[in-house]
Amino acid sequence: MLSILIPAYNYNITKLVRELHRQATESMADFEIIVMEDGSTLYLDENAQMAALPGCRYVRLERNVGRSAIRNRLADEARYGHLLFLDCDAEVMSPDYVRNYLAFRNDECVVVGGTAYDGQEHDPRYSLRLKYGREREARSARERGRMRYKVFTTFNFMVSKSIFNRIRFDESICGYGYEDAVFAHRVAELGYDVLHIDNPLIHAGLDENEVFLQKAETGVRNLYALSRTGRYPYLQHESHLLHTFVRLQRWGAHRLCGWLYPCLRPAMRRNLLSSAPSLRVFDLYKLLYLCRLSLEK
């Protein structure tokens with residue numbers, strides 16, 4: 001009935017799996033939990049113990065295959081008709097988390113539960129990640145519903161296996177970021193709706209400011225590379241960042257912005273790595289970085 005699928009990378013998933021297993025067992029539904037290590041080197045002994053739980057499987061890949069391929073492999077391993085994907089650094093906050101998804105077990109559907117952040121976490125080392133998450137990601141189902149496909153995320157969602165097999169994640173996207181946007185576009189293209197519900201998981205595995213900024217840069221590089229292939233023309237309409245860049249490029253202003261990037265970068269980084277970062281500065285940082293990439297390429 002329900003396959004709970006967790007791609008893991010260097011993260012201790014024991015607390016998460018035990019809670020999911022408890023809830024799924026109490027629901028009396030047929031279920032399985034599959035954890036797949038994507039080339040991890042940490043917490044392997046701890047995570048492997050989860051295979052002892054009834055209905056749990058633990059698969060270890062020696063080589064990292066990437067964010068898209070690991071999810072496709074998990075889906076191929078799944079026995080049941082509904083696939084619940086969640087990231088390994090999630091934390092369950094509702095005692096009815098699994099039951100809330102099981103309400104859709106008879107439907108052909110794509111259901112997104114949402115993301116939340118610990119309200120007691122105020123460590124300045126994570127200030128940028130927390131501010132971005134709380135203001136851009138931690139939205140109610142009603143807010144997300146108005147944006148439908150544009151806020152789709154792989155962090156916490158369920159999809160019918162019949163739908164997944166028609167779409168799958170694009171394994172040609174090897175870098176960090178935007179595989180979820182491409183997946184969501186295919187959902188829309190095939191005429192399926194995305195249902196947003198209030199069933200969030202806490203994003204517990206926070207990146208320190210420097211790491212989060214590096215990931216943001218990697219995401220921008222990946223977005224630019226995808227746009228250059230010509231295979232994803234819709235991204236300029238679905239990514240506000242790329243849409244703004246294309247407009248600047250049309251006016252010829254992207255060159256000026258690209259030249260400004262190394263001049264403004266130190267001041268922007270000081271703000272973004274501080275205890276009180278600005279998301280407007282974060283948006284500007286990514287835009288100028290994208291413009292700079294276009295000049296270098």
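Visitor: Why are glutamate 208 and arginine 125 called a salt bridge?
Guide: Check the closest N and O atoms of the two residues: they are 3.7 Å apart. The cut-off is 4 Å, between a side-chain nitrogen of Lys or Arg and a carboxyl oxygen of Asp or Glu. The value falls inside it, so the pair qualifies. Keep in mind that this is a predicted model.

Visitor: What makes this pair a tie between separate parts of the sequence?
Guide: Look at where each partner sits. Glutamate 208 is in the loop between strand 10 and helix 9, while arginine 125 is in the loop between strand 7 and helix 5. They are 83 residues apart in sequence, so the pair ties those parts together.

Visitor: Are these two partners buried or partly exposed, and how do you know?
Guide: Glutamate 208 has 38% relative accessibility. Arginine 125 has 44%. Buried requires under 20%, and exposed requires over 50%. Glutamate 208 therefore counts as partly exposed, and arginine 125 also counts as partly exposed.

Visitor: Which residue does glutamate 210 pair with, and what makes that a salt bridge?
Guide: The partner is arginine 269, with the closest N and O atoms 2.8 Å apart. The limit is 4 Å, so the pair passes. Glutamate 210 lies in helix 9 and arginine 269 in helix 12, and 59 residues separate them. Glutamate 210 is partly exposed at 31%, whereas arginine 269 counts as buried at 15%.

Visitor: Why is glutamate 32 called buried?
Guide: Its relative accessibility is 3%. Buried means under 20%, so the label follows.

Visitor: What does glutamate 32 meet in a salt bridge?
Guide: The side chain of arginine 57, at 3.1 Å from N to O. The pair links distant parts of the chain: glutamate 32 in strand 2 and arginine 57 in strand 3, 25 residues apart. Arginine 57 has a relative accessible area of 30%, so it is partly exposed.

Visitor: How many salt bridges does a search of the whole structure find?
Guide: The search finds 19. Some are linked in a network, which joins Glu19, Arg22 and Glu26.

Visitor: How do strand 2 and strand 3 pair, and what makes it a pairing?
Guide: They run in the parallel sense over six bridges. The threshold is at least two bridges, so they pair. One bridge joins aspartate 38 to leucine 61 in strand 3. Helix 1 packs on this sheet, touching strand 1, strand 2, strand 3 and strand 4. The direction of helix 1 makes about 165° with that of strand 2.

Visitor: Which strands are at the edge of the open sheet of seven strands, and what makes them edges?
Guide: The order is 3-2-1-4-8-6-9, with mixed pairing. Strand 3 and strand 9 are the edges, as each pairs on one side only.

Visitor: What is the order in the open sheet of three strands?
Guide: It is 5-10-7, again with mixed pairing. Its edge strands are strand 5 and strand 7, each with pairing on one side only. Strand 5 and strand 10 pair in the antiparallel sense over three bridges. Three meets the minimum of two, so this is a pairing. Alanine 90 has histidine 203 in strand 10 as its bridge partner.

Visitor: Why is aspartate 207 called buried, and where is it?
Guide: Its relative accessible area is 17%, under the 20% line, so it is buried. It sits in the loop between strand 10 and helix 9.

Visitor: What makes the link between aspartate 207 and lysine 215 a polar contact?
Guide: The side chains are joined at 3.1 Å. The limit for a pair of N or O atoms is 3.5 Å, so the value fits. Beyond its sequence neighbours within four places, aspartate 207 is in contact with residues including Arg125, Tyr126 and Phe212.

Visitor: How far is arginine 73 from lysine 215?
Guide: Their C-alpha atoms are separated by 24 Å, with the two positions 142 residues apart along the chain. Arginine 73 is found in helix 3. At 36% relative accessible area, arginine 73 lies between the 20% and 50% cut-offs, so it is partly exposed.

Visitor: Which residues have the most contacts inside the largest nonpolar core?
Guide: Ile6, Val17, Leu20, Ile33, Leu86 and Tyr97, in a core of 34 residues. Elements giving two or more residues to this core include strand 1, helix 1 and helix 4. A second, separate core has 33 residues, among them Ala181 and Cys291.

Technical notes
Residues numbered from 1 in each chain as written. Predicted model: local features only at pLDDT ≥ 70, side-chain atom pairs only at ≥ 80, totals over all residues. Heavy atoms only, no water. Helix = DSSP H or I, 4+ residues; strand = E, 2+ residues; numbered from the N terminus. Buried < 20%, exposed > 50% of the residue type's maximum accessible area, 1.4 Å probe, protein only. Polar contact = N/O pair within 3.5 Å; in protein donor to acceptor, adjacent residues only side chain to side chain. Contact = heavy atoms within 4.5 Å. Core = buried A, V, L, I, M, F, W, Y, C linked by side-chain atoms within 4.5 Å. Axes fitted to C-alpha atoms, helices over the stretch in contact; angles between N-to-C directions.
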